[in-house]
Amino acid sequence: MENSLPLPLPLHTCHVHSFSILVNRSHALLHFTALASLIFYRASFLFTRTNPILPWLLVFAAEFLLSLMWTLGQAYRWRLVSRTVYPERLPSDDKLPGIDVFICTVDPDKEPTVDVMNTVLSAMALDYPPEKLHVYLSDDGGSPITLQGMKEAWRFALWWLPFCRRYDVKTRCPKAFFGGSDEDLHQDLRSPEFFKERKNIKEKYENFKEAIIRAKEDSNLYGNAKSSTPRDHPSVVEVIEEHPEDSPQENQVKMPLLVYVAREKRPSHPHHFKAGALNVLLRVSALLSNSPYLLVLDCDMYCNDPTSARQAMCFHFDPTFSSSLGFVQFPQRFHNNSQKDVYDSEIRYIFSMAWNGFDGLRGPILSGSNFYIKRKALCSGSRPEGINLEEVKSTFGPSNEFIKSLQDHKHNLMINERNSMEVAKVLASCAYEDETKWGEKACFLYHSLVEDVFTGFTLHCKGWRSVYLNPRRPQFLGTGITSLNDRLVQGTRWAAGCAEICFSRFSPLIYGPQQRMSLLQTMGYAEVTFIPLLYSTSVWCFATIPQLCLLNGIPLYPEVSSPYFSVFLFIFLSALFKHLYEVLTDGRPIRTWRNEQRIWMIQSVTCQLYGTLDAVMKLLGLREASFMPTNKVMDGEQMTRYEKGVIDFQASTMFVAPLATIAIVNVASLVGGIIRMVIVGDWRRMLGQVLLSCYILVMNYAIIEAMVIRKDKGRIPLNVTLLSVAFSVIFLSFGSIILIMSEMAF
């Protein structure tokens, strides 16, 4: 009998969460049955109504929209999976492919240069062959501070990288390493020699930081400030490569390629925000290194584990589905999250549950950062037979060098060629994409502020799949949001981008089936893109209409003695307890459940509404898309309040006034409703509306406290409170008049 060769060990395994699937599907069956009963009750009322129809229709519409959102959300609860990788089973280093790392920054004031350079250094220090690693920083502001920071980072890296390799340091972000403990060090490395060298490296790190701070204070760096601004500057492409006299011997330090890229920006040309910056990096990197895989990072998202590249390669090297694998997505985690995370900055719902469910379909949604993506998925790997070269250029532009790179993904460094930098500057010019299809049929797509969701959706429509890897040790750590204003500004941007997709021809429920996307994956994408529109309208309705009717004695829910009251109560409690179950099984306290409920309501009536209106106005041509980077600078008092779990209401009035108005309306309706029930005695008819107001006020007690009790800087200002009182009086007065008129008409 012939000896058969042993099968190679798998590079990864997939674990199906059978118990969670059973719970989710059982709950879905019960909840769906209750929703069907609710819809039957509402529909039957249209034929036997005894009250004004307008508020009933509004509440019915809100209930239907929330039911639709719940139904769509069952898609990523249908099959939850998690994955484990075995990077030690990868082939030898000489067989590993090249990786280009893309890091994007915009504003050195909102994104401190020292923090950005820490991200660059952590990427350069990845546990990967340095000759196959190439780090590109896109500076959309064209700031000389950032360029100088890159040069200082290179000088420090000449010492930092050998130190990390010699002692197998796990935390390779200098700021995190020197600011943390020694827990991630192997026991045998805690030697006097190690601590002596660490002290020396820390001194060099302090000098590195001081050099950047001095550069920012040096007025000579702003010599061209009048002719070059963040929105109007030429393209700059520079390979950072210098060796100071005090650096280690050159032949002993293997360094990855480090490239600074500032694309050209002119007021007359659209620059398409982050998607435009990534596409410039895609072109420039194709000329200089042309690696088959790309790692995309936000400027504050440093590499917390140097093995992330090897972990991602465990999927890309799997012959069973590597040909169809587009990208590997890691979760976004944050080093400054408080245990009392009142703003849900960690976005637990997405990265601890939803993306596992998407992975059980054909993979998670592209999430803006922390993903290893195949270059071939963004740009076709070669020119198909029978396609004219001019037709390819109409898509990718006129550069012969770039077209050639599409046909050859081999590592082909071109920086020694005389004209390579000039060609790179052309590729980074704002006019290069004129009369091409960049951002439409190729690469990172435009037309939406959430370029990641849009690009990932089209990749999945084309048949690419993705995987989600969430190891115990976070592979990447960023700076989380610590203020309400930043949370809602970011939420407005996300909502506007999702609403743009919802209103476009790429709306998932229309475009997905056309591209033969599976039903469950289509539903999942639809839920993500419909969130701003459906949540904002339905939550606003639930926060105001039942309360207005409560004050006017108009019941909107069945009497307590009716069996349908049990249906409404079951749906309400079912949704709350299912959310609580998901939070507790994720190892979080009940406080997390309350915070997520509150921030969901806050976002629904503020940023999701404004994002939807922004998308509608853009669709009508009334305004252009705008992008405001999230502030990464941490304020001391603000951070203290965040760590204590106290909401900071030092936010724009357009965010705070709606919250205060809704709170005042609910207080008024609850007090008036209770008095009415005591005097009139109709508590059986009005109990449902009283309970709804109680729930809203209990969950949002922090808003009332900020208006009435708190005296610190984070309270709601008196002028905003008075403005909200005026809005509440106007709404309740005019609303009551409309209800009286509709009742008379009825």
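Let's start with aspartate 359, which is buried, with a relative accessible area of 2%. Remember as you look around that this is a predicted model. Why does aspartate 359 get the label "buried"? Buried means under 20% relative accessible area, and aspartate 359 has 2%, so it falls under that cut-off. Its side chain isn't alone there: aspartate 359 and the side chain of arginine 83 meet in a salt bridge, with 2.7 Å from N to O. That pair ties together distant parts of the chain, because aspartate 359 sits in helix α9 (residues 348-359) and arginine 83 in strand β2 (residues 81-85), 276 residues apart. Arginine 83 counts as buried as well, at 12% relative accessibility.

If salt bridges are new to you, here is the basic idea. Side chains of opposite charge can pair when their charged atoms come close. How many salt bridges does the count come to here? It comes to 31 salt bridges.

Now try another pair. The side chains of arginine 266 and aspartate 232 also meet in a salt bridge, this time at 2.5 Å, N to O. This pair links distant parts of the chain too: arginine 266 is in the loop between β6 (257-262) and α7 (273-288), and aspartate 232 is in the loop between α6 (192-217) and β5 (236-239). Along the sequence, the two are 34 residues apart. Are these two buried or partly exposed? Arginine 266 counts as partly exposed at 27% relative accessibility, and aspartate 232 is partly exposed with a relative accessible area of 25%.

A third pair sits within a helix. Glutamate 582 and lysine 578 join their side chains in a salt bridge of 2.7 Å, N to O. Both belong to helix α18 (residues 563-585), and because they are 4 residues apart there, about one helical turn separates them. Glutamate 582 and lysine 578 are both buried. Salt bridges can also share partners, and in this model that joins Glu346, Arg348, Asp586, Arg588 and Glu596 into one network.

Next, have a look at two aspartates picked out by a database. The unreviewed UniProt entry carries the annotation "active site" for Asp140 and Asp452. You'll find aspartate 140 in the loop between β4 (133-139) and α4 (144-167). At 5% relative accessibility, aspartate 140 counts as buried. What is aspartate 140 in contact with, leaving aside its neighbours within four places in sequence? The list is Thr105, Val106, Pro230, His233, Arg263, Lys265, Phe273 and Ala277.

Aspartate 452, on the other hand, lies in helix α14 (residues 451-461). Aspartate 452 counts as buried, at 13% relative accessibility. Leaving aside neighbours within four places in sequence, aspartate 452 is in contact with Leu366, Ser367 and Gly368.

Helix α14 also runs through residue 461, and that's handy for the next stop, tyrosine 511. Tyrosine 511 lies in helix α16 (residues 508-514) and is buried, with a relative accessible area of 15%. Not counting residues up to four places away in sequence, tyrosine 511 touches Phe457, Cys461, Arg505 and Phe506. Take phenylalanine 457 from that list: it is 54 residues from tyrosine 511 in sequence, while their C-alpha atoms are 9.9 Å apart in space.

Finally, on to the stretches that the record calls membrane-crossing. For "transmembrane region", the unreviewed UniProt entry lists residues 28-47, 53-73, 654-680, 686-704 and 716-741. What does the model show over residues 53-73? This span is 100% helix and 0% strand, and it matches helix α2 (residues 53-73), which has 21 residues. Helix α2 reaches 30 Å from its first C-alpha to its last, close to the 30 Å expected at 1.5 Å a residue. Its buried residues include Pro55, Trp56, Phe60, Glu63 and Trp70. Over residues 686-704, the chain is 95% helix and 0% strand, with the end C-alpha atoms 24 Å apart.

One last thing to find is a nonpolar surface patch of about 640 Å², made by Val667, Val671, Ile674, Ile675, Val678, Ile679 and Val680. Valine 667 lies in helix α22 (residues 653-680), and it is partly exposed, with a relative accessible area of 33%.

Technical notes:
Residues are numbered from 1 along each chain as its sequence is written. This is a predicted model: local features need pLDDT of at least 70, side-chain atom pairs count only at pLDDT 80 or more; totals for chains, interfaces and linings use all residues. Side-chain values use heavy atoms; hydrogens and water are left out. Patches are made of residues with over 30% relative accessible area and no salt bridge: like charges are joined within 9 Å, nonpolar side chains (Val, Leu, Ile, Met, Phe, Trp, Tyr) within 5 Å. Accessible areas come from the Shrake-Rupley method with a 1.4 Å probe; for residues, only the protein chains shown count as cover. A salt bridge is a side-chain nitrogen of Lys or Arg within 4 Å of a carboxyl oxygen of Asp or Glu. Buried means under 20% relative accessible area, exposed over 50%, partly exposed in between (1.4 Å probe, protein chains only). Contact means heavy atoms within 4.5 Å. UniProt positions are given in the numbering used here, feature names are shortened, and annotations may be inferred rather than shown by experiment. The expected span of a helix is 1.5 Å times one less than its number of residues.
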